[in-house]
Amino acid sequence: MTASTSTHDSATSSPLAKASPTKPRVTNNTLSKKMQKHNASAVIVNLLVTRAKRKQHGLALLGAMLLLSVYVGVVSGSLSINVGELLWHELSQLTGQFFSQGALIEESGANRQATPLGVSTTFNSTHWYVLTELRLPRVIMTLFIGALLAVSGCAMQGLVRNPLADPGLIGIAGGAAAAAAVSMAIVPPLVPALASVWVALWAFGGALLSVWTVLRFANSAQGVSVATLILAGVAINAFTGTIIGAISYVASDDALRQITYWTMGSLAGASWTICALVAAAGVIAITGLMVSRNALNLLALGENEAAYMGLNVARYKQIILWLVAFAVALATALCGIIGFVGLVVPHMCRTLFGVNHNVLIPACALMGALLLTVADTLSRTLFTPMEIPIGIVTSAIGAPFFLYLLWQQKGVFNGSL
Amino acid sequence: MARCNQTESQTHETLLTLINVDVIRGKRQLLCNLNLVFNAGEFIALAGENGCGKSSLLTVIGGLAPLEKGALLFNGEPLSEIGLRNLADYRAVMAQSASTPFGFLVDEILQLARHHIVESPENRHHIIGKIAEQFDITHLLSRNIQTLSGGERQRVFLSKAILQLLPVNPQSSLVGKLLLLDEPTSALDLRHQKLVMQQLVSLSNQGLCIVCVSHDLNLISPYCSRMILLAEQGCIADDKPENALTIDTLARCYHTQLNLIRNQEHDVFVTH
């Protein structure tokens, strides 16, 4: 009853549900029974309609904020770009012959007025290059990496039923970092053609190798054991930490510097090729996890429960784990370790959108993309021309925020874990 | 009392047959050479002392634990050959102390129970609303499952298990379906204990076979049609509750001296 009155703004709210609080007792037994029946369905319909509306609005708002952050990310930086003017300029150059001469003159006149030095036509090409070859691929890659990391974190937390899990849990970050350190300090590029992607290849291999090792330990006849998964992940992370430590100890100053930078993460290496790779991985991971959203919901209730409700638990666990492993391994290989997005974003989205993966996964994708775009823009613009490693920015924002969440949910975590 | 008269008239359709089944947990043999037959429309109480294998037996019947020895036939087919997805249409389980670390809303959990059923949203909402009303959880539908009390949560998960089995058409019978409950009333107050028992009897009258593990013999014995006592690695009594509960069987089952009181309707109550 309380629910139906609180959601009376919804269009489908039945008149009976509204009338009942004012008429507390109906003497006719059959009538009151009929009313109750109407009420129960009406309550659910009301709940669903208002909730769905609220969530749609929330997602739309997130989308709008993401577009805004992309715009800000594109225009700001050590060289600020007026995208509108540039686009207009390019457009008018491309379709110059179709425009009337007057419009072009007017346009260039306006440019001259805005920039008294009158260099608008010459520096436009530099700006165009910065925009299309540096900024755009970087912002788009950032967006996909944020979405991919957040969605993967969300899936991992649902899968192991532990709100403190993130993709690093199964050894992805550790394995990637250790392999990258080996490639930087010990094994120089053996194939000259692969020199530019040498470290990324090693990191990708290392990440997958450590995931495979963790899963070897966790796999048993009954399927993947989540407890073993977590413990094996901790052990592998400790082991890779040792490798990195040992290599750092013997490495030259140059290699050491490289290793340190790599583990702090960087989105600076963006190009359209890398962007396409990341986008493909992101699309595959997000689509795959979106398809298994129902499985994630069932798994959140418990593995036995999910099996009783008809889910092929073993198969879905493998699918989800490998989707996450491949996507995050690729992202880590290309951009280094970007912490906290996979851990914090799902939590933010759960408090805002609820825990149902139908909405949670798209919300995580949008929120992750938004946060990483903002963090990257900050890292580029706070101390220009110096660039702060992205991993530092995300941890600097993420760690205090996570502590705040823990503070807020003190009671909840006591009860459930 | 709510004795199920219809059950007698309903065909004694065999639903589940256990032939020489062993129940093993880890390395401990809990039950051995168990032979049982569960029929449609029966409401069966399963009792026994702590750790005697009641819950393990439920996991075996539920199809999650592999069978070490013997045979298990569900609707005439070996249980292991029915896929989990198919089995979900015919068998639902309410586990002991079911919970989730995530703050699902109650109605989301109830909707999840019908994820495998193709039906119109109106029909789904109607069925969920009906069950919510029957188990007195309508006022909890928009609540976070983690903020509910133990008894409220128990009613939600019981409703969830039942919703998994209910057919799209409310008129079709529940014959051929099996509901396994592991202590569904352990946290309920008296009013809701009675409510749940009455609803279970009415479901079994529609043909549903219910197997309910319970320690509250006095609560369940007036309602159930059959009582099975597990002890000494097997089944020591399998009969109507008034016949199954004797001072002798209770002593063998619980290893202590208990007394019985009979009322005019021949219901049996256990006392210390």
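Across which strands of chain B does helix 2 of chain B lie? In this predicted model, local features need pLDDT of at least 70 and side-chain atom pairs count only at pLDDT 80 or more, whereas totals for chains, interfaces and linings use all residues. Residues are numbered from 1 along each chain as its sequence is written, and chains are lettered from A and ligands numbered from 1 in the order in which they are written.

Helix 2 (residues 54-62) of chain B lies across strand 1 and strand 2 of chain B and runs at about 125° to strand 1 of chain B. Helices (H or I, at least four residues) and strands (E, at least two) are DSSP runs, numbered from the N terminus. Angles run from 0 to 180 degrees between N-to-C directions, with axes being lines fitted to C-alpha atoms, for helices over the stretch in contact. Contact between two residues requires their C-beta atoms, placed from the backbone, to lie within 7 Å.

Strands 1 and 2 of chain B belong to an open sheet of four strands, ordered 2-1-4-5, with antiparallel pairing; two strands pair if DSSP finds at least two bridges between them. Strand 2 (28-39) and strand 5 (77-78) of chain B stand at the edges with a single partner strand each, so one side of each lacks a neighbour in the sheet. Strand 1 (residues 14-25) of chain B is joined to strand 2 of chain B by eight bridges, and I24(B) stands opposite Q29(B) in strand 2 of chain B.

An open sheet of six strands in chain B shows mixed pairing and the order 6-7-8-3-9-10. Its edges are strand 6 and strand 10 (234-239) of chain B; each has a single partner strand, so one side of each is left without a neighbour in the sheet. Neighbouring strands of this sheet are turned by 15° against each other on average, direction ignored. Strand 3 (residues 43-48) and strand 8 (residues 209-213) of chain B pair in the parallel sense over four bridges, with F43(B) opposite I210(B) in strand 8 of chain B. Helix 6 (residues 150-165) of chain B packs on the sheet, touching strand 6 and strand 7 of chain B, and its direction makes about 175° with that of strand 6 of chain B.

Between the chains, 35 residues of chain B are in contact with 34 residues of chain A. Helix 5 of chain B gives the most to the side of chain B that touches chain A, with seven residues.
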